[in-house]
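Colleague: I have just started learning to read protein models. Could we go through one together, question by question?

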Amino acid sequence: MGKQTNYSPTFPMFPGGATTFTNSDTAYLPTPSVIYVGVTGDVKVTTAQGDDTVFVAVPAGQVIPVQVIRVWATGTTASSLLRIY
């Protein structure tokens, strides 16, 4: 059976908050979030469904369009990241 495709049916279409955070290879974000990239680079994440993946060469000013629960320090070269929740 495939993975569930909607982690949070209550995730807002227009999120109410945004904040900086520290990338970590061990800690999760407080809530599932989408990530804004301020400076171009790779972003390694764990998705809300538990998949580890790397978004390669994400341009500055882009939002990664998937809910994530971790942004890894190892494998992430992009900077000035914000989590939007």
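Modeller: Gladly! Let's begin with one residue: not counting residues up to four places away in sequence, alanine 57 touches Thr40, Gly41 and Asp42. Keep in mind that this is a predicted model.

Colleague: Thanks! In which strand does alanine 57 lie, and where does that strand stand in the sheet?

Modeller: The sheet is open, with its 6 strands in the order 1-6-2-5-3-4. Strand 1 (18-19) and strand 4 (52-58) stand at the edges with a single partner strand each, so one side of each has no neighbour in the sheet. Alanine 57 belongs to the second of these edge strands, strand 4.

Colleague: Is alanine 57 buried, partly exposed or exposed?

Modeller: Buried means under 20% relative accessible area and exposed means over 50%, with partly exposed in between. The relative accessible area of alanine 57 is 46%, so this residue counts as partly exposed.

Colleague: What is the phi of alanine 57? And which residue in the loop between strand 5 and strand 6 has a positive phi although it is not a glycine?

Modeller: For alanine 57, phi is near 50°, a positive value in a residue other than glycine. In the loop between strand 5 and strand 6 (82-84) lies a serine. Its phi is positive too, at about 55°, although it is not a glycine, and the residue is serine 80.

Colleague: How far apart are the C-alpha atoms of alanine 57 and threonine 77?

Modeller: Along the chain, alanine 57 and threonine 77 are 20 residues apart. In space, their C-alpha atoms are separated by 8.8 Å.

Colleague: Let's move to threonine 47. Is it buried or exposed?

Modeller: Threonine 47 has its place in strand 3. Leaving out residues up to four places away in sequence, it touches Thr53, Val66, Gln67, Val68 and Ile69. Its relative accessible area is 9%, and the cut-off for buried is under 20%, so threonine 47 is buried.

Colleague: Which residue in strand 5 stands opposite threonine 47?

Modeller: Strand 3 (residues 41-47) and strand 5 run antiparallel and are joined by 3 bridges. Opposite threonine 47 in strand 5 stands valine 68.

Colleague: And how many bridges join strand 2 to strand 5?

Modeller: Here, too, we can look at the residues. Serine 33 has valine 68 as its bridge partner in strand 5, and isoleucine 35 stands opposite isoleucine 64. Strand 2 (residues 33-37) and strand 5 (residues 62-71) run antiparallel, and the number of bridges joining them is 4.

Colleague: Now for side chains: over which rings does the charged end of arginine 70 sit?

Modeller: One ring has its centre 4.2 Å from that charged end, and it belongs to tyrosine 28. The charged end also sits over a second ring, with 4.8 Å to its centre, that of tryptophan 72. The two rings are therefore those of tyrosine 28 and tryptophan 72.

Colleague: Finally, the whole chain. What pattern does it follow along the sequence, and what share of its residues is buried?

Modeller: The protein chain has 0 helices and 6 strands, and read along the sequence it gives β-β-β-β-β-β. Among contacts with a separation of 6 or more, 69% are between residues 24 or more positions apart. The accessible surface comes to about 5,000 Å², and 58% of it belongs to carbon and sulfur atoms. Of the 85 residues, the buried share is 34%.

Terms used
Residues are numbered from 1 along each chain as its sequence is written. This is a predicted model: local features need pLDDT of at least 70, side-chain atom pairs count only at pLDDT 80 or more; totals for chains, interfaces and linings use all residues. Side-chain values use heavy atoms; hydrogens and water are left out. Two strands pair if DSSP finds at least two bridges between them. Helices (H or I, at least four residues) and strands (E, at least two) are DSSP runs, numbered from the N terminus. Buried means under 20% relative accessible area, exposed over 50%, partly exposed in between (1.4 Å probe, protein chains only). Contact means heavy atoms within 4.5 Å. Accessible areas come from the Shrake-Rupley method with a 1.4 Å probe; for residues, only the protein chains shown count as cover. A charge sits over a ring if NZ of Lys or CZ of Arg is within 6 Å of the ring centre and within 35 degrees of the ring normal.
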